[in-house]
Amino acid sequence: MVTSQIEQLLATTLLTRHPNNYSEALANPTPTPELPYIRRAEDYIHANCHKPITVQDLAQYAHISTRSLYKGFQEHRGVSPMGYVRLVRLQKVRDALLTARQAGSTVNVTQVALEWGFGHLGHFTQAYRKQFNELPSQTLRG
């Protein structure tokens with residue numbers, strides 16, 4: 001088993017480090033096509049992001065195992081399925097805050113965050129700041 005792994009490491013190293021007929025193909029791999037179950041899960045997320053969502057809900061709706069769902073999201077979106085849910089919800093909160101600011105209406109950041117499924121306000125504020133480089137209250141004030 002160890003010998004097999006060493007052989008594979010050697011072959012991979014030779015193919016990637018020394019010029020050969022496959023150098024260009026190895027340097028620029030062709031992207032894999034988007035998987036239909038990823039699109040189904042995303043559609044479900046966008047339609048239901050104001051409700052509680054679990055990975056099991058997504059996997060069931062997409063007709064795929066949770067493991068395959070995680071793998072597909074990591075490969076095609078660079079985040080976990082629940083990470084994608086959080087990004088969508090953060091964008092919805094931002095949109096609501098910007099709309100409220102433009103309309104001049106009085107909106108409470110806490111209320112908006114809770115409406116979009118953020119139960120822990122400290123984590124919400126931290127994630128919002130990381131995503132948009134500002135606090136939600138700064139978005140609301142302009």
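**Helix packing and core of a predicted chain**

The chain holds nine helices and zero strands, where helices (H or I, at least four residues) and strands (E, at least two) are DSSP runs numbered from the N terminus. This is a predicted model, in which local features need pLDDT of at least 70 and side-chain atom pairs count only at pLDDT 80 or more, while totals for chains, interfaces and linings use all residues. Residues are numbered from 1 along each chain as its sequence is written, and side-chain values use heavy atoms, with hydrogens and water left out.

Q: What is the radius of gyration of the chain?
A: The radius of gyration is taken over C-alpha atoms, and the globule rule is 2.2 Å times the number of residues to the power 0.38. For 142 residues that rule gives 14 Å, and the chain lies well over this value, so it is more spread out than a compact globule. The radius of gyration of the chain is 21 Å.

Q: At what angle do helix H3 and helix H5 pack?
A: Axes are lines fitted to C-alpha atoms, for helices over the stretch in contact, and angles run from 0 to 180 degrees between N-to-C directions. The axes of H3 (residues 36–48) and H5 (residues 66–77) are 10 Å apart. The angle between H3 and H5 is about 90°.

Q: Is Val85 buried or exposed?
A: Val85 is found in helix H6 (residues 81–103). Buried means under 20% relative accessible area, exposed over 50%, and partly exposed in between (1.4 Å probe, protein chains only). Because its relative accessibility is 1%, Val85 counts as buried.

Q: Which residues does Val85 contact, leaving aside its neighbours within four places in sequence?
A: Contact means heavy atoms within 4.5 Å. Phe73 is 12 residues from Val85 in sequence and 11 Å from Val85 in space, C-alpha to C-alpha. With neighbours within four places in sequence left aside, the residues in contact with Val85 are Ile45, Ile53 and Leu58.

Q: Which helix gives the most to the largest nonpolar core?
A: A nonpolar core is a set of buried Ala, Val, Leu, Ile, Met, Phe, Trp, Tyr and Cys residues joined through side-chain atoms within 4.5 Å. The largest one has 30 residues, of which Leu69, Val93 and Phe124 touch the most other members. At least two residues of this core come from each of H3, helix H4 (55–62), H5, H6, helix H7 (109–115) and helix H8 (121–132). With seven residues, the helix that gives the most to this core is H6.
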